[in-house]
Amino acid sequence: MSQEFTSRDKDYSKWYNDIVEKADLAEHSAVRGCMVIKPYGYSIWEKMQQALDKMFKDTGHVNAYFPLFIPKSFFSKEASHVEGFAKECAIVTHYRLKNDENGNGVIVDPDAKLEEELIIRPTSETIIWNTYKGWIQSYRDLPLLINQWANVVRWEMRTRLFLRTAEFLWQEGHTAHATAEEAIVETEKMLNVYADFVENWMALPVLKGVKTPNERFAGAIETYCIEALMQDGKALQAGTSHFLGQNFAKAFDVKFAAKDGKLDHVWATSWGVSTRLMGALIMAHSDDQGLVVPPKLAPLHVVIVPIYKTDEQLKQISDVAAGIKKNLEAKGLSVKYDDRDHLRPGFKFAEYEFKGVPVRIAIGGRDIENGTVEVARRDTKTKETVKQTELIAKVEQLMVDIQQNLYKQALDRRTAGTHKADTYDDFKRILDNKGGFIYAHWDGTAETEQKIKEETKATIRCIPLDNKQEEGNCIYSGKPSKQRVVFARAY
RNA sequence: CGGGAUGUAGCGUAGCCUGGUAUCGCGCCAGCAUGGGGUGCUGGAGGUCGUGGGUUCAAAUCCCGCCAUCCCGACCA
């Protein structure tokens, strides 16, 4: 396992892949475009799920589960929705295999063709709204606030572990409301939940905004998003929340009787985050020594490594370590004592560094004599000697400090990576130099947005929610503009 | 889905041009020493050469199909 990471400067893509692989997060599977999430990676995802799930419950949502398969006909009910997903659907056409008579192994039984093909969900709006039709009759049935944790499939041409895979894990919230205002409040509320999660748990600052019509979810009236900046200057959409208006209610004929007896279609939202957040987490904090995980999402908070020469010394150290482990665990921290005898301490140090464990405690013969331990933190890679009596409080404080420091570092990086451009030349120069978020005036037309995308590969990431109004001229067309929007090259 | 590259032990590779069943390193197993930043020595196990077909006395090597991965484009959470 003696291995070096490719540095970020040398090859950012390779650095990312190295971390995913060497930190044991995931690997490619035998199936094209699909990954195996390994236990260490999955335990980070589980932490994310737990935190998000609690936030959903705290805001009044409940979990349910809808089928993986969606009848093909459901898709054609909402025109723009079909159009958005048609090109990337996996389709089930048969339900049986049989042995080939010519001895070519198993083949699809041509007699077992489905009357109506089933689409493997790329998202669940259609099956859910078909179901909601039976659940909603009266304003008393509203709001309906449901979330599901599920896998979805989008047949991607080019995939990258966590960032874009053919199958991925996510949650999708689907809510129904009596009024447009209430649905918009819900859409914004869930956007704030996502922003809160990404900033406070993942320690990653995000921009909240709305998408341009071009970038909007297929079937939505308005798409809200959170956008984060990665270390290579590319943006990553970390979550979206959609105001769907009455589009799906109309498509699936979901009406409710108001107090006054009038029938109206209900108002909808949907919102989701996916295992893509793992990609964001990796690229947000990790360095050339490997993964860095914020304490709030770390599967393992502290590792204790003994340094010893004799069995007797090991026993003394193990006794001390057991006490420390017990006391740290009593504080809710997850702790591992690594007394594997065939590996040297230095090897273990490196191993836990590339897995991103926030704090390492080393205990040696000298420490036993002095009543101390050596404490090293992953984020700054600094070490200090701490008295055993002060250790528990010290480690608890470190968890807070590391979480904050990671956020601050990410925020500083984003600040340094955020620019303004007033001319198209400037705009292109910034993109080619360092990338990042670029605030620039835009004339509001899809044509300009498209041209800029074709010429520079930069897209409008969002129009920030609390955007400053400011007179200016579009960097591309020169036409008047009332505000700057955020451009970037994106994942 | 187009262009390019690659596929040999768990991983990384040599061999391929000029056919004769395979090289080296890491890892793994055993033992001894070592132990405050990726340990050393000794011995050992492990391979349908991605896959299917063809040429040949003989194929990792030559030819064709397929699959997968990586890079570059079009598409996208």
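Helices, here runs of H or I of at least four residues, and strands, runs of E of at least two, are taken from DSSP and numbered from the N terminus. On this basis K457, which takes a positive phi of about 70 degrees, falls just after helix α14. The structure described here is a predicted model.

Chain A contains 14 helices and 26 strands. Taken along the principal axes, its C-alpha atoms fill a box of roughly 80 × 70 × 55 Å. The chain has 491 residues, of which 52% count as buried. Among the contacts in chain A with a separation of 6 or more, 69% are made by residues 24 or more positions apart. The accessible surface of chain A amounts to about 23,000 Å², and carbon and sulfur atoms account for 49% of that area.

Helix α14 spans residues 446–456, and its buried residues are T448, E449, I452 and T456. These residues lie on the same side of α14, because the arc that they cover around the axis is only 100 degrees. The packing partners of this buried set are α13 (424–433), β24 (459–464) and β26 (480–488). On the face of α14 turned away from the buried side, the exposed residues are E447 and E454.

The surroundings of RNA strand B comprise 41 residues, and those that come nearest are R158, R164, R276, R344 and D367. By residue class, this surface consists of 20 charged, 12 nonpolar and nine polar residues. On the RNA side, sugar or phosphate supplies 39% of the strand B atoms within 4 Å of the protein, and bases supply the rest.

Several side chains place polar atoms beside sugar or linking oxygens of RNA strand B. For R276, one of the residues that come nearest to the strand, an N or O atom of the side chain is 2.3 Å from such an oxygen. For E156, a polar side-chain atom lies 3.2 Å from a sugar or linking oxygen of the strand. Q237 likewise has a polar side-chain atom 3.2 Å from a sugar or linking oxygen of strand B. Two or more residues of the surface near the RNA are given by each of α10 (345–355), β19 (359–364) and α11 (365–370). Helix α10 provides the largest share, with eight residues.

Helix α10 also has a buried set, made up of K348, F349, E351, Y352, F354 and K355. The elements that cover these residues include the helices α1 (12–22) and α2 (39–58), together with the strands β17 (302–307), β18 (335–337) and β19. Strand β19 is thus named both in the cover of α10 and among the elements that give two or more residues to the surface near RNA strand B. Just after α10, G356 takes a positive phi of about 80 degrees.

Three further positions were examined individually. T187 is located in helix α6, which runs over residues 180–200. Its relative accessibility is 0%, and T187 therefore counts as buried. A polar atom of the T187 side chain lies 2.7 Å from the backbone oxygen of A183. With neighbours within four places in sequence left aside, the contacts of T187 are Y224, S241, H242, F243 and T269.

E117 belongs to strand β8, residues 113–120. The limit for burial is a relative accessible area under 20%, and E117, at 18%, therefore counts as buried. When residues up to four places away in sequence are not counted, E117 touches I70, P71 and K72, as well as I91, V92 and T93.

N130 occupies a place in helix α5, residues 125–135. At a relative accessibility of 31%, N130 counts as partly exposed. Residues up to four places away in sequence aside, N130 touches F74 and F252. The C-alpha atom of N130 is separated by 8.9 Å from that of A249, a residue 119 positions apart from N130 along the chain.

Technical notes
Residues are numbered from 1 along each chain as its sequence is written. Chains are lettered from A and ligands numbered from 1 in the order in which they are written. Side-chain values use heavy atoms; hydrogens and water are left out. Buried means under 20% relative accessible area, exposed over 50%, partly exposed in between (1.4 Å probe, protein chains only). The arc is that of the directions from the helix axis to the C-beta atoms. Contact means heavy atoms within 4.5 Å. A residue is near a molecule or strand if one of its heavy atoms lies within 4 Å of it. A polar contact is a pair of N or O atoms within 3.5 Å; within protein, one must be able to donate a hydrogen and the other to accept it, and residues adjacent in sequence count only if both atoms are side-chain atoms. Ala, Val, Leu, Ile, Met, Phe, Trp, Tyr, Cys and Pro count as nonpolar, Asp, Glu, Lys and Arg as charged, and the others, Gly among them, as polar. Accessible areas come from the Shrake-Rupley method with a 1.4 Å probe; for residues, only the protein chains shown count as cover.
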